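Here's a quick walk through one sheet and the strands that build it. Have the structure open as you read.

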Amino acid sequence: MKRISIVFFAALICLSASKAPKAPIIGVSSFADSGVTSVSLTYIDAIKKAGGVPLVIPMTSDSTQLERVLQTIDGLILTGGEDVDPLQGYGEQPRRGLGTIVPERDSFDIMLSKMAVKKGLPVLGICRGEQVLNVAFGGTLYQDIPSQVKDSYVKHKQSAPRYYGTHSINIKEGSLLKSILGVDSTAVNSYHHQSVKDLAPGFIITATSVDGIVEAIEMIPSKKGEVMVMGVQFHPEGLISSGDDSFLGIFQWLIRMASK
Ligand code: MN
């Protein structure tokens, strides 16, 4: 009798384990500097808080390695960082206002973006990650907003804590971002001097600042499907990791899509 009940309980445990939904694995693009692979913990915190399992992806130029990584992950986050090389990225000469560029990281991020989208994985691009998405799919960037966009007067490189939104964005009706945030306008944090100029084909602009700078984009779904690719110019993870959940819905969308 004792033996039977042990078998019964073991079977019950197996059954409940197989029924429990698995937390999706979210790949996070990293950066290598001075022999160290790094990702800000704010991304890791936000993924965990939204119910995902973060997996840092080291920089590589090996597409075979990357293909194997993409078989493992259920969703992808392209993180923030340096400027995108305008010459390699979209065929423009570097302007004097261009900041630091890292060619290896551009190649890695662009390859990763294209492979993930082709595979049908949900992708969230944050800050540089949004810009990388736009470039990877045929768009261009302002290399330096202050010297290139005359009408832009908003301070997009804030001198304020990461958890604090300093400028407003207006959100497009009918967009995924609108359905997630549920508001027409909100304040976001801002740490950029580059932004989307010519939008990549197949994308729509879903948020802008009051001076007309692109603050969010999403890829138009094929055949009335769900939006699988979104980019934001601000840093939702900076707020989430500090305990402000007003932007947690962006990460929850990624986790939801990655769970399908
Ligand atoms: Mn901004």
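In this predicted model, strand β1 (residues 25-29) runs parallel to β4, and five bridges hold the pairing together on paper. To find the register, look at G27: its bridge partner in β4 is L55.

Where does this pair sit in the sheet? The order is β4-β1-β5-β6-β13-β12-β11-β8-β9, an open sheet of nine strands with mixed pairing. The edges belong to β4 (53-57) and β9 (185-188), each of which pairs on one side only. Going from one strand to its neighbour, the turn is 25° on average, with direction ignored.

Helix α5 (residues 103-118) packs on this sheet, touching β1, β4, β5, β6, β12 (214-219) and β13. Its direction makes about 150° with that of β5.

Now for β6 (residues 123-126). Is it buried or exposed on its two faces? Both are covered: V123 and G125 are buried on one side, and L124 and I126 are buried on the other. Strand β6 has β5 (residues 75-78) as a parallel partner, and β13 (residues 229-232) also runs parallel to β6. Within these pairings, V123 is the bridge partner of L76, while L124 stands opposite M230 in β13.

Here are the parallel pairs side by side:

| Pair | Bridges | Residues matched |
|---|---|---|
| β1 and β4 | five bridges | G27 with L55 |
| β5 and β6 | three bridges | L76 with V123 |
| β6 and β13 | four bridges | L124 with M230 |

As a reminder, strands of a sheet pair through backbone hydrogen bonds, either parallel or antiparallel.

Terms used. Residues numbered from 1 in each chain as written. Predicted model: local features only at pLDDT ≥ 70, side-chain atom pairs only at ≥ 80, totals over all residues. Heavy atoms only, no water. Buried < 20%, exposed > 50% of the residue type's maximum accessible area, 1.4 Å probe, protein only. Pairing = 2+ DSSP bridges. Axes fitted to C-alpha atoms, helices over the stretch in contact; angles between N-to-C directions. Contact = heavy atoms within 4.5 Å.
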